[in-house]
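User: Could you take me through one part of this protein in close detail? I'd like to see how its strands pair and what packs around them.

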Amino acid sequence: MPTLDAPPLAPAGQRRWRYHRGMTLTRPLSVSTAAAPVDDGATGSPLQARIEAFARQGRVQAGSLIVSVFGDAVLPRGARLWLGSLIRLLEPLGVNERLVRTAVYRLVQEGWLTTQARGRRTDYMLTEAGRVRFEEASRQIYAARAPRWDLRWRLLLLTGTLPARERERLRRSLYWQGYGELPGSVFVHPSADLTATLEALQADGLGRHRAHVLPLRAERLPLRGTAPDRDLVRQAWNLEALAQAYVTFVARYEPIGAEVQAHGEPPPERAFLGRTLLIHDWRRLLLRDPQLPEELLPRDWPGERARQVCRRLYRLLLAPAERHLDAHLRLADGHAPAAAPWLWQRFEPLDDECSLGAPRLG
């Protein structure tokens, strides 16, 4: 997905690249797992409070929200829709027509979306590169559990000489894929598929630089007196702020899940808006998360609890939200595309729960 979100800056004098995931540790990790209070500015229904709080924001990053909607709602329905339909879907979240048009125009300019005229109307759809990146991101966003580790590190070494701007583009693409950076232009990841990494570089228009990337798979030798894996993690990634963000996510969405569980499905539009904000916030968290295996994370890591909160609420909201999309997502020719069957397998499977099953109609 496009690089629209960035982590906060490091303190002055410390190097930190301002992209999705790569962050350098700035102080020792100390995670409080107590639920941080979240003030969404309303009382009563936690779901309605979240929707109203988002709509009241003084500044909405419309481009980032549209990316979330395309990945969550539009991709399963053919990866295209009429712009007027998108405007209608986002209006209750405080995103007006001007913001939508401006954000979509920028996504077209960046090569993530393209257009196709149908009479006086226009469809917006994912480009080939955009589809590859959205599908890659979806595998992480909707995973039922964190990846397992084979005890090997994936390394990418940048060799040769590249112009500064091109090296920066290469770093940006690798950070988006969850790589951390070590001194000497060495990028590290515990579980990335190196072939998929190179394909993603190709999709980003960086295929010509593959000759400057040396992919390696390294096995740590258990020699006494050497640095542990966790030292590498602390050098390549900053986990402290990410842990606190997960705690806040749980505090915000766990009460919504309890509300829906207790009172049943919300109305279709409210379910769609809640599902959109849930995945929008979850996606932004994952953009900062290298998806480290449990063996490399601090004790009581809150990421897995956040994943299960997201998973359960998404499953509760999915059916009524799809009914809203059936009624309001249209192509330029007026056709209402159906959702692909694989939509209903998101966040599946977990061994202790049954399948979500087939779509419910009506």
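**A close look at the three-stranded sheet**

Analyst: Happy to. Strand 2 and strand 3 run antiparallel and are joined by six bridges. Please keep in mind that this is a predicted model.

Let's begin with that pair. Strand 2 covers residues 113-118, and strand 3 covers residues 121-126. Together they form a hairpin with two residues between them. In the turn sits G119, whose phi is positive, at about 70°. If you want a pair to find on screen, look for A117, whose bridge partner in strand 3 is T122.

Now move to the other neighbour of strand 3. Strand 1 runs antiparallel to strand 3, and three bridges join the two. Here W82 stands opposite D123 of strand 3.

Put together, these strands make an open sheet of three in the order 1-3-2, with antiparallel pairing. Strand 1 (80-82) and strand 2 each have a single partner strand, so each stands at an edge with one side lacking a neighbour in the sheet. From one strand to the next, the twist averages 25°.

Two helices are worth adding to the picture. Helix 2, made of residues 62-74, packs on the sheet and touches strand 1, strand 2 and strand 3. The direction of helix 2 makes about 110° with that of strand 1. Helix 4, residues 97-109, lies across strand 2 and strand 3, and runs at about 110° to strand 2.

Helix 2 also gives us a way out of the sheet region. D72, which falls within the 62-74 stretch of helix 2, belongs to a network of salt bridges that also links R77, R275, E322, D326 and R346. The structure holds 23 salt bridges. Another of them pairs R50 with D281, with the closest N and O atoms 3.0 Å apart. Because R50 lies in helix 1 (residues 46-55) and D281 in helix 10 (residues 268-286), this pair ties together parts that are 231 residues apart in sequence. R50 counts as buried, at 7% relative accessibility, and D281 is buried too, with a relative accessible area of 14%.

For the wider setting, the protein comes to 11 helices and seven strands. Of its 362 residues, 50% are buried. Among contacts between residues at least 6 apart in sequence, 77% join residues at least 24 apart.

Definitions and conventions:
Residues are numbered from 1 along each chain as its sequence is written. This is a predicted model: local features need pLDDT of at least 70, side-chain atom pairs count only at pLDDT 80 or more; totals for chains, interfaces and linings use all residues. Side-chain values use heavy atoms; hydrogens and water are left out. Two strands pair if DSSP finds at least two bridges between them. Helices (H or I, at least four residues) and strands (E, at least two) are DSSP runs, numbered from the N terminus. Axes are lines fitted to C-alpha atoms, for helices over the stretch in contact, and angles run from 0 to 180 degrees between N-to-C directions. Contact means heavy atoms within 4.5 Å. Buried means under 20% relative accessible area, exposed over 50%, partly exposed in between (1.4 Å probe, protein chains only). A salt bridge is a side-chain nitrogen of Lys or Arg within 4 Å of a carboxyl oxygen of Asp or Glu.
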